[in-house]
Amino acid sequence: MESPEAARLSAEDISPSSNGPKAEPMLLDDDPDDLFAEATEEVSLDSPERQPILSDGPSPVITPVTPVMISSRADVFDRSPDQDEDEEENRDTFDIQISVSDPEKVGKDVCDSLSLCLQTSLSIFSRDEVCVKRRFSDFLGLHSKLASKYMHMGYIVPPAPEKSIVGMTKVKVGKEDLSSVEFVEKRRSALERYLLRTVKHPALLKDPDVLQFLESSELPRAVSTQALSGAGILRMVNKAADAVNKMTIKMNESDAWFEEKQQQFENLDVQLRKLHASVESLVCHRKELSVNTASFAKSAAMLGNSEDHTALSRALSQLAEVEEKIDQLHQDQACADFYLISELLGDYVRLITAVKGVFDQRMKTWAKCQDAQVMLQRKREAEAKLQHANKPDKLQQAKDEIREWEGKVQQGERDFEQISKNIRREVGRFEKDRVKDFRVVIIKYLESLVHTQQQMIKYWEAFLPEAKAIA
Amino acid sequence: MTSISEDSDKEKVHSVSVDLNNDASLVIDIPDALCERDKVKFTVHTKTTLSSFQKPEYSVQRQHEDFIWLHDTIVETEEYAGLIIPPAPPKPDFEGPREKMHKLGEGESSMTKEEYAKMKQELEKTVQVHEVFLQRLSSHPMFRKDRNFQIFLEYDQDLTVRRKNAKEMFGGFFKNMVKSADEVLISGVKEVDEFFEQEKNFLLDYSSKIKDATAKAEKMTRSHKNVADDYNHISGALNNTAADNNTAFKKHLEKCAEVFEKLRVSISKVEDRMASDQELKLTELLRYYTRDIQAAKDLLYRRARALADYENSNKALDKARLKGKDVAQAEENQKQCLQKFDKLSESGKKELTSFKARRVVAFRKNLIEMTELEIKHAKNSVSLLQGSIEILKSN
C-alpha cells in the first residue's frame, strides 16, 4: 500500500525556517491498515462536547499491575565522535531519561492524562529534574507541530502513537478487564518510546516546542481539534498522494543514491511487515499456550486427586504446580514478546513510512522548483513579447516579475539542494541509530528468553526428585 | 515414500508400557514403516524360540487394519473375558502430510523440511503405539499363545481376505454387548466383593479425569508447536532480511546474520524439540492410558455381565424348581454361570492389580524422562542464547 504520507505544506509557503504552525496544523499519522487491524479507524475524540472541563474529572483507574514495564532509556544511546560536520549537537554525553507514567482516566478515554518525568544533565534544559502532566492530545499536537516544521526540510520526524479506537471501546465494557490494562500499558510505553526517539534527534531536541512540551507545567491548548480529526487526516493524506501522482514531469533522478535508498527502504518495509506479522502470531500463540498450560495444570491436579496410588498422586499434584508456574512464565514471556519485539517492529514500520514521506517531500520540492522554472520561462517569454508592444509600465512589471521568479527559482534550487543534503544525513543517522536500537532490543529480548529458560530449569529440577520418588 | 528405521537395539523398552520384550522366547518389534500414499505399511519382525512357530524368525508386512482385526478377534474370544485386552492402536493420522504425499505422487510440489519432519514424528509415534500393542500380547502368558496372533506374526501373505471374513462373522456384535453391559453396570449391580467395588469407583472417576487431562495435554502440545513454528518463520524472515543485499541497514545486518542463524537453532529448533518430547512423554502416555483404562473398564463390564447372568440363572433355577420342570438343566446352567463369574473375578483381580503396577511404573518412567529432557533442552537453549548475546554485545 503506497500512500506517501508526509506533512504537506501549501505550495506557496516554501520557507524552511518556520518556527510555529504557519501552515494548517497537520497530524502525521501513518497508514496502519495492514498491521493493526484494530487501529484503522481514526475518529475525532476531541469533539466539541469533550472540551477541557470534563464532568468526572481525572480519576485514577487502573493501578499499573502490568507484568513487565520495559522502561526505555536514552542513556543507552552513545554518541560516536565522527558525526557529520553539519550536526551541531552538544559534545556532552547524551544523558536524558524520560519516563511516562501514572495513566489517568479522563472522561471516556482510559489513558488520557499522563505524568511525564524528565531527568537530565543537558544544559539546554532549565532544570535537572522535571515532572509535568500531559494529555494524549498534547502528544499528538506536539507531533503535528514538528511534522509541519521539519518534514519539508527532509527531517525524519518520529511518528506519534495512534489513538486505536478499539482499545477505547474495550474499556467501556469492564472496569478492570485485562484488555484495558493492556491497552493502557501499550499506550504508555508507546508514548515513552515516541518521546525518546524525538529527543534523540539532534535538531528536534533543540526545538522550542519540544522543550516547552517537556518542561513547562502548562501547555497552551493551541492545537485545533479539527486537525486531529480522522476525516481531516484522511483529506491531508489524499491531497499529498494526489500531489505526487499528479507530477506531470517525472523526476529526473540524477543522484543514484536516492534511487537506491528508496528501493532499499521499500524492500525493508515489506520485510519488516512480514516479520511483524510473524511476531504478532507468536504473541498470540504464546498467550494460547499460557491458557492451555493453566488448563492442563488444573486437569493434572484433578487426575492426581483421583489417582489412588499415593506417591503417583503426589507427583501428579506436583506436576500440576510446576505447570502452573510455567504458565506464569509463558505470560511474562508473551509480554516481553509483545513489548520488546512486536511493538518495536510496529514502530519501525511507521518510522519507515516517515522516511518514505521524506523522500516524497524531496520530490515535491523538486516539482516546485520545476514549476518555478516553467513560470520563469513564461515570464521571460511574456517580457520578450512586451518588448515589441511599447507598453513601458507593463514591461517594467514583467521585468519585476522575472526578477521575482528568478529569485524563486534560485530559492527552489537551494531548497532542493538543502533537502537532499538533509535527507542524506538523516538517513545515515537513522540507519546507524536504528540498528543500534534494534540490537539493544534484541539483546534485551534474548536475555528475557534466557531468564525464562533458567526459571524452567529451576522448576523442572525441583520436580525431578518427586518423579523419582514414585515407588 | 517415507520410511523410518529404528536403529536402536531390539530390546527397546517402551515408556508407555515398561517390562515388555523381556522374554527372549518371543521378541517382536517394528523396525521399519513405510508411508505410501494413504497407507502405512509396518514391517513386523518376530524372533522366537517357541516350537509352535514354524520358523525362528519372521518379517511380515502389516497394515493398520490388520492390527484392528487382531484386536477384535481377541476381544470376541470368550476365553479372554477375564483379561484386560491391550487397547487397539489408533489409526495413523497423516492428514496434512497425506495430501502432500498425493501431490508428490503426481509430481507436483515437494515437501518442505518442516513437513517432512512432522511426518517423520507422526510415523515414529504410530510405530511406537503399534509396537506396544504387539508386545503387550507377546508378553502376556495367555495372549501369546493365541492362534490368530501367531497367524498375524507369521502368515506371509496379505491378511485382507481373512479380515473380510471376520468382519462378516462378528460385525459389531461385541460393541452392542458392551453397550448393554454399560447400562448393567450403571444400574447398580450389587457388588459383594470390596476389591471390585473399589476398582469400579476408581476406574469410573479416573477414566473421566484422564480423558480430560489427555485433551488438555493435546491442546497444550499443539500450542507449543505453534510457538515453535512461529519462531521458525521469524528466524526465516530475519535471515531473509539479513541476506537481502538490496535493503537498508545491510552493512549492519551482515554482522547479525551469524547470530540469526544461531538463534534459529537455539530458539526455534529447541522449542520444537521441547514440544515433541513433551508430546511423546506426556501426551502419548496419557493417551495410551486413557485407552488402557477403558480396557480395564471393559473387563469390569464383562464381569458385571457375568454376574447378571449368574443372578438370572439363579432366578431361572428357582422358577424351574417351582414348576418342577427342567431342573437339572437349570442347575447345570447356574453352575456354569457361577464358574464363569468366579473365573472372571479371579483373573480380573490379578489383571487389575498388575495393571495398577504397570501404570505406576510407566508414569514414573515417562515423568522422569520428560523432566530430564526439558532440563536438557532448556540448558542447551540457555547456552546457545548466551552465545548469541555475547556476539551481539561484542559488535
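# Exercises on a predicted two-chain model

Leaving aside neighbours within four places in sequence, I352(A) touches F265(A), L268(A), D269(A) and L272(A). The exercises below concern a predicted model.

## Exercise 1. The surroundings of I352(A) and G357(A)

Determine in which element I352(A) lies, whether the residue is buried or exposed, and how far its C-alpha atom is from that of F430(A).

Solution. Step one is to place the residue: I352(A) belongs to helix 9 of chain A. Step two is to consider its accessibility. The relative accessibility of I352(A) is 0%, so the residue counts as buried; the cut-off for this class is under 20%. Step three is the distance: I352(A) and F430(A) are 78 residues apart along the chain, and their C-alpha atoms are separated by 9.9 Å.

G357(A) can be treated in the same steps. Helix 9 of chain A also holds G357(A), and this glycine counts as buried because its relative accessibility is 0%. From G357(A) to I402(A) there are 45 residues along the chain, and the C-alpha separation is 33 Å.

## Exercise 2. A lysine in helix 8

Establish whether K261(A) counts as buried or exposed, and list the residues that it touches beyond four places in sequence.

Solution. Begin with the location, which is helix 8 of chain A, residues 256–306. The relative accessibility of K261(A) is 11%, and therefore this lysine counts as buried. Finally, with residues up to four places away set aside, the contacts of K261(A) are F359(A), V427(A) and E431(A).

## Exercise 3. The largest nonpolar core

Describe the largest nonpolar core: how many residues it has, which element gives the largest share, and where it lies with respect to the domains of chain B.

Solution. First, the count: the core has 143 residues, and L195(A) and L214(A) have the most contacts inside it. Second, the share: helix 9 of chain A, spanning residues 310–387, supplies 26 residues, the largest share of this core. Third, the position: both domain 1 (14–160) and domain 2 (206–394) of chain B contribute residues, so the core lies between them.

The contacts of L195(A) can then be read out. Beyond four places in sequence, L195(A) meets I98(A), V100(A), L116(A), F139(A), L142(A), F213(A) and L214(A). Another core, of 32 residues, lies apart from the largest one; V44(B), I74(B), L83(B) and L134(B) are among its members.

## Exercise 4. Two helix pairs

For helix 1 and helix 5 of chain A, state the packing angle and the axis distance, and give the handedness of the crossing. Then treat helix 10 of chain A and helix 9 of chain B likewise.

Solution. Helix 1 (residues 136–150) and helix 5 (residues 208–215) of chain A pack at about 165°, and their axes are 10 Å apart. Helix 1 of chain A is therefore roughly antiparallel to helix 5 of chain A, since angles over 145 degrees fall in that class. Their crossing is left-handed. The residues that meet are D138(A), F139(A), L142(A), K145(A), L146(A) and K149(A) from helix 1 of chain A, and D209(A), V210(A) and F213(A) from helix 5 of chain A.

The second pair joins elements of two chains. Helix 10 of chain A (residues 392–468) packs with helix 9 of chain B (residues 327–394) at an angle of about 160°, the axes being 8 Å apart. Helix 10 of chain A is thus roughly antiparallel to helix 9 of chain B. The crossing of helix 10 of chain A and helix 9 of chain B is left-handed.

## Exercise 5. Chain B in outline

Count the helices and strands of chain B, and say what share of its residues is buried. Then locate Q135(B) and D326(B).

Solution. Chain B contains nine helices and four strands, in the order β-β-β-β-α-α-α-α-α-α-α-α-α along the sequence. Of its 395 residues, 50% are buried.

Q135(B) sits in helix 3 of chain B, residues 113–138. At 1% relative accessibility, this glutamine counts as buried. Its C-alpha atom is separated by 24 Å from that of K211(B), 76 residues apart along the chain.

D326(B) occupies the loop between helix 8 (250–323) and helix 9 of chain B. Its phi is near 50°, a positive value in a residue other than glycine.

Definitions and conventions:
Residues numbered from 1 in each chain as written. Chains lettered and ligands numbered in written order. Predicted model: local features only at pLDDT ≥ 70, side-chain atom pairs only at ≥ 80, totals over all residues. Heavy atoms only, no water. Core = buried A, V, L, I, M, F, W, Y, C linked by side-chain atoms within 4.5 Å. Buried < 20%, exposed > 50% of the residue type's maximum accessible area, 1.4 Å probe, protein only. Domains from an automatic or database assignment. Contact = heavy atoms within 4.5 Å. Axes fitted to C-alpha atoms, helices over the stretch in contact; angles between N-to-C directions. Parallel < 35°, antiparallel > 145°, perpendicular 65-115°, else oblique. Left-handed = near helix turned anticlockwise from the far one by under 90°.
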